[in-house]
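Reader: Before I rely on any labels for this model, I would like to go through the reasoning behind them with you.
Author: Gladly; please look at the structure first.

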Amino acid sequence: LCTLSGTAEIGRNCNFVEYGDEIVVIDAGYAFPGHEMYGIDYLIPNVSYLKKNKEKVKAILITHGHLDHTGALKWILPELGYPPVYAGGFAKALIDLKMKEYKMEDKVKVISVDRKSTLNIGRNFKATFVGINHSIPDAFSIFVESPRGNVFFSGDYKIDMSPANEPQTDYEKLRNLRGKIDLALMESTNASNPGKAPSETEIFQNLGELISQQKGRVIVAAFSSLITRLYSLVEVAKRTNRKIVLSGKSLEQSIDIARQKNYINIDDKFLIKESNMSKYPDNELLLLCTGSQAERFAALNRISLNEHKFIKIKKGDLVIMSSSEIPENISSIEKMTDRLIALGADLIKDSVELKIHSTGHGNQEDMKMMHNLIQPKYIMPIHGPLTFRYFNKQNFVRWGVDEKDVFLTDDGQTWVFNGVSWSRGKKIESKPILIDGLGVGDIGDIVLKDRKQLSEFGIFSVILNISSKNKRIIGRPRFISRGFIYMKGSRELLQEIENLVMDIHRDWLNRSHREKMFKDEELRERIEKELSKLIYKRTEREPIILTAII
Ligand SMILES: [Zn+2]
Ligand SMILES: [Zn+2]
């Protein structure tokens, strides 16, 4: 087994099992980069080992349709020679749509699986898909059997005793795995949350009650990946006699697929275009928006900035945040809700009493139930930073598992099973691959540093017109500033900069005469070095400084 990627984060999931000359891969997701990686769109798993062994790769099995489990297929499939992909119906629909967008649909083969699927893969593997609950339909745990040993991949799950629009977790099938699981890879997202995750039906009822009492427009911010919630919201709209307005491309796509898959049923007449909204009374409208994390260009944020073409906040509007707050977004979300309230909206956020949001990841009680159902011999917490996995391990120990039977692994770590116990094997290459725009490749640290500097401090450039004959400056140096200082308000600093540039030039000219060698490059380097010192001293900022000598 190799925990190739996504071990220590929520994103970039990709693991594989190897036996003899065959490999089966589980999930191929991407991650969004942290704030400090400028211009990087995605991080994907490093598949250099798999690429070297691509004739061994027999299949990629997908636990569910979320992008942290499927988003890297676009880049990984070509590298591995397009092995077949097995995915549940909903995930298949999402993957097919993406592949069409990328014009790869002719090469990619996605085979649909369901709760009854058990597949033979290659000569050595058998994979059983077990239906579970998450926040997207057709989510699975996957049980992979090989002649040497058997590995269980929990996938993202919660134990929902009353899911809103899908069957419950297949308890029977999980229980039947007891005694057969040599290692279980268990997700750790909510390992520190005590108790049981609220059921989607409960959320559905609470939202219904809340919305039915409203007299004005209701605007709900929800994750477009939380398909179960979208179902609840659509049903609430129908029952409270409100038409649905969608704002945000990703939401439209999710609803579209959910309708195609008959997971969500809405009559066309219930779906209103933003531009037609004004024809309906306020109490007949439910607006679903992207932007629960205050993403710059998402609908709710644009509404809060009064930039949205069709949706303008007015008194009597209620904004409901039916989503969790990703910690690094909290301050932007707060600023966004500040603006919404200032515009006159009422605001309701999720709270313990209201319970209008529940994630698709189980809390401790859910995890305990899962563990009790499958009773694996060894456990490996994945899908979360080390702190999450550490607490996950402690949970298992609390529930009676021997501490030495729970392994904390790393990205790229291989584990070898001898039929009885597991030992750490070699580490393979696992440094994330950065995807920049449409290209693939290793963006160097220097490029990233430049982007960071540009975004924080801007750019300041010096243009020197130098005579080719005597190397004297013709006229005065010119300066251009972008995102650094406002030139008109910085006369003093500019004068100081000009003096410094003149001094450096004079100095350079004298020395060059002495040495009878004129190196423009030297002049440029000195100007940039001295200027950055001066600018830092005066402004405590570090813009990128560019000198052009013409
Ligand atoms: Zn998920
Ligand atoms: Zn996930």
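**Helices, sheet and pocket**

Author: In this predicted model, helix 12 (residues 386-398) lies across strand 12 and strand 19, and runs at about 145° to strand 19.

Reader: What makes strand 8 and strand 19 the edges of their sheet?
Author: The open sheet has six strands in the order 8-9-10-11-12-19, with mixed pairing. Strand 8 (118-121) and strand 19 (379-382) each have a single partner strand, so one side of each is left without a neighbour in the sheet. Neighbouring strands here are turned by 20° against each other on average, with direction ignored.

Reader: How do you know that strand 11 and strand 12 are paired?
Author: Pairing requires at least two bridges, and three bridges join strand 11 (residues 150-153) to strand 12 (residues 183-187), the two running parallel; the criterion is therefore met. F152 has A184 of strand 12 as its bridge partner.

Reader: What makes helix 11 a helix that packs on the sheet?
Author: Contact means heavy atoms within 4.5 Å, and helix 11 (residues 364-374) touches strand 9 (125-132), strand 10 (139-145), strand 11, strand 12 and strand 19. The direction of helix 11 makes about 165° with that of strand 12.

Reader: Which residues lie nearest the centre of the second largest pocket, and which strands supply its lining?
Author: Of the 21 lining residues, L1, E18, W415, V416 and F417 lie nearest the centre, while strand 2 (14-19), strand 20 (413-417) and strand 21 (422-427) each supply at least two residues of the lining. By class, the lining has 12 nonpolar, five polar and four charged residues, and the pocket's volume is about 420 Å³.

Note on methods:
Residues numbered from 1 in each chain as written. Chains lettered and ligands numbered in written order. Predicted model: local features only at pLDDT ≥ 70, side-chain atom pairs only at ≥ 80, totals over all residues. Heavy atoms only, no water. 1 Å grid on protein atoms, 1.4 Å probe; cavity = no way out; pocket = protein on both sides within 12 Å on 5 of 7 lines; lining within 4 Å. Points joined across faces, edges and corners; volume = space filled by probe spheres on them. Helix = DSSP H or I, 4+ residues; strand = E, 2+ residues; numbered from the N terminus. Nonpolar A, V, L, I, M, F, W, Y, C, P; charged D, E, K, R; others polar. Axes fitted to C-alpha atoms, helices over the stretch in contact; angles between N-to-C directions.
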